[in-house]
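Colleague: Could you take me through one part of this model at close range, and then show me how it sits in the rest of the protein? I would enjoy a connected account rather than a list.

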Amino acid sequence: MRANIAVLPGDGIGGEVTAEGVRVLWATAEKFGHDFAFEKALVGGAAIDATGVALPDETMSLAQESDAILLGAVGGPKWDDPKSTVRPEQSLFGLRKGFMLFANLRPVKLSPMLKSASTLKEEVLDGVDLVVVRELTGGLYFGQPSKRYEVDGTRHAIDTLPYSEEEVARVQHVAFKLARQRKKKVTSVDKQNVLATSRLWREIAGEVAAQYPDVAHEDMLVDACAMHLVRRPSTFDVIVTENMFGDILTDEASMLAGSMGMLPSASLGYDNDDPNAPVKGEKNSLRVGLYEPIHGSAPKYAGQNVANPIATILSAALMLRYSFGLEAEAQAIENAVSAVLEEGYRCNDIMEPGKTLLGTQEMGEIIANKVAG
Ligand code: IPM
Ligand code: MN
């Protein structure tokens, strides 16, 4: 197949890890006879420096014309001034909201050979294979008002956590459909003992669950979920939760896979043929998927060829699976990653005695060569 892929490297280690994602996609295209065209655009702090805004129009139009987006990471101390009205992170919010990417899939699967690299006990990690479906276009990240203000000379600030029943239902559907292809269990996570939005969340979760009688469903409070994730992580299958809870829980869950440097993500909107989609048959706007590692731009490691590119390479695999329906190709990349780990190659974040330390590029190359066979 032919596909146009927008590459948005961003800041810090973003350029280095996306280069390896592209390398591996390239190798996969060669091997399986596909024609992938890559085009780069500015995003985040790099875009602010060049154009004054985090998500320039040219970047948005490139993304719009593309079949999928591969993103590195954005942000860094250079753009961290709390008083500034332009911030690198705005680019992520613009892309997520602009393409209605309401479902953020973050799979957490432990490669058995990385068990000892984790800070958790090996017996706790046996069988960890879960996916967090994080709601990505609602809640605290987008709610208004969100501002600072003063009352009688005292500093105040407010953020708002809104959810509508449609927003909750559509992401629950994604979770239940995903669970059907997996271990058939959904844990819906909320804070219903405190938050009105969470009480709505739980009510809708129950209604959607009733439409999937073949899938087991439980509700769990987010604080309890945080605890169970390190206590009995292998009992989870699909976890579905609101934007902020999902952000926090996935950083925690990444440690189950050994490191943040291992965790990919896919941000998806509606399929054109999804019966739950509000708009049918519209090209692009509801179809472009965004693929990025869950980790940040790690400015202190930038430019040193030490960052682990595996999270981005696995995100590229998710692109092949979810945007292009190329399951065999996605698995070829995932198998190549496993094989390389099996052979003892490591980046710094997952390095252990007796293993072979590789830089970002070398890790990308060895995985690409494995895909090429
Ligand atoms: C993530 C990141 C972003 C988020 C930041 C960079 C705004 O932490 O994708 O998890 O909070 O969504
Ligand atoms: Mn995060």
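Modeller: Happy to! Let us start with serine 188, which lies in strand β8, residues 185-190. Please keep in mind throughout that this is a predicted model. Is serine 188 buried or exposed? Its relative accessible area is 0%, and because buried means under 20%, serine 188 counts as buried. Leaving out residues up to four places away in sequence, serine 188 touches Gln172, Trp201, Ala205, His217, Glu218, Asp219, Met220 and Val240.

Two of the residues that serine 188 touches, Trp201 and Ala205, have numbers that fall within helix α7, which runs over residues 196-209. Isoleucine 204 lies in that helix too. With a relative accessible area of 4%, isoleucine 204 is buried. Which residues does isoleucine 204 touch, once those up to four places away in sequence are set aside? They are Glu165, Val168 and Ala169. For a sense of distance, take serine 267: it is 63 residues from isoleucine 204 along the chain, and their C-alpha atoms are separated by 22 Å.

Next, helix α4, which spans residues 89-98. Its buried residues are Ser91, Leu92, Leu95 and Arg96. These four cover an arc of only 130 degrees around the axis, so they lie on the same side of α4. The general background is familiar: an α-helix has 3.6 residues a turn, so residues three or four places apart point the same way. What covers the buried residues of α4? The cover includes the strands β1 (2-10), β3 (68-73), β4 (103-109), β5 (129-135) and β12 (289-293), together with helix α3 (57-65).

Just beyond the helix there is a backbone detail to look at. Methionine 100 follows α4 and lies in the loop between α4 and β4. Its phi is positive, about 55 degrees, although methionine 100 is not a glycine. That deserves a second look, since most residues other than glycine have a negative phi. With a relative accessible area of 27%, methionine 100 is partly exposed.

Alanine 298 can be set beside it. This alanine is found in the loop between β12 and α10 (310-322), and β12 is one of the elements that cover the buried residues of α4. Alanine 298 also has a positive phi, of about 35 degrees, without being a glycine. Its relative accessible area is 26%, which makes alanine 298 partly exposed.

Returning to β4, that strand holds proline 107. At 23% relative accessibility, proline 107 counts as partly exposed. Which residues is proline 107 in contact with, leaving aside its neighbours within four places in sequence? They are Leu130, Val131, Leu263, Pro264 and Leu318. Proline 264 is 157 residues from proline 107 along the chain, yet their C-alpha atoms are separated by 6.9 Å.

Another proline calls for a look at the peptide bond. Glutamine 144 and proline 145 are joined by a cis peptide bond, with omega about 0 degrees. Most peptide bonds are trans. Proline 145 lies in strand β6, residues 143-151.

One more residue, from helix α11 (residues 327-342), is serine 338. At 31% relative accessibility, serine 338 counts as partly exposed. Serine 338 and isoleucine 367 are 29 residues apart in sequence, and 9.2 Å apart in space from C-alpha to C-alpha.

Finally, here is the setting for these details. The protein has 12 helices and 14 strands. Its radius of gyration is 20 Å, close to the 21 Å that the globule rule gives for 373 residues, so the protein is as compact as a globular protein of that length. Taken along the principal axes, the C-alpha atoms fill a box of roughly 60 × 50 × 45 Å. Of the 373 residues, 52% count as buried, serine 188 and isoleucine 204 among them. Among contacts with a separation of 6 or more, 76% are between residues 24 or more positions apart. The contact of proline 107 with Pro264 is one with such a span, at 157 residues along the chain. The protein exposes about 15,900 Å², and carbon and sulfur atoms supply 51% of that area. As for charge, there are 37 positive and 51 negative side chains, and the centres of the two sets lie 3 Å apart.

Note on methods
Residues numbered from 1 in each chain as written. Chains lettered and ligands numbered in written order. Predicted model: local features only at pLDDT ≥ 70, side-chain atom pairs only at ≥ 80, totals over all residues. Heavy atoms only, no water. Helix = DSSP H or I, 4+ residues; strand = E, 2+ residues; numbered from the N terminus. Rg over C-alpha atoms; globule rule 2.2 N^0.38 Å. Buried < 20%, exposed > 50% of the residue type's maximum accessible area, 1.4 Å probe, protein only. Contact = heavy atoms within 4.5 Å. Areas by Shrake-Rupley, 256 points an atom, 1.4 Å probe, with all protein chains shown as cover. Lys, Arg positive; Asp, Glu negative; His and termini not counted. Charge placed at Lys NZ, Arg CZ, Asp CG, Glu CD. Arc of directions from axis to C-beta.
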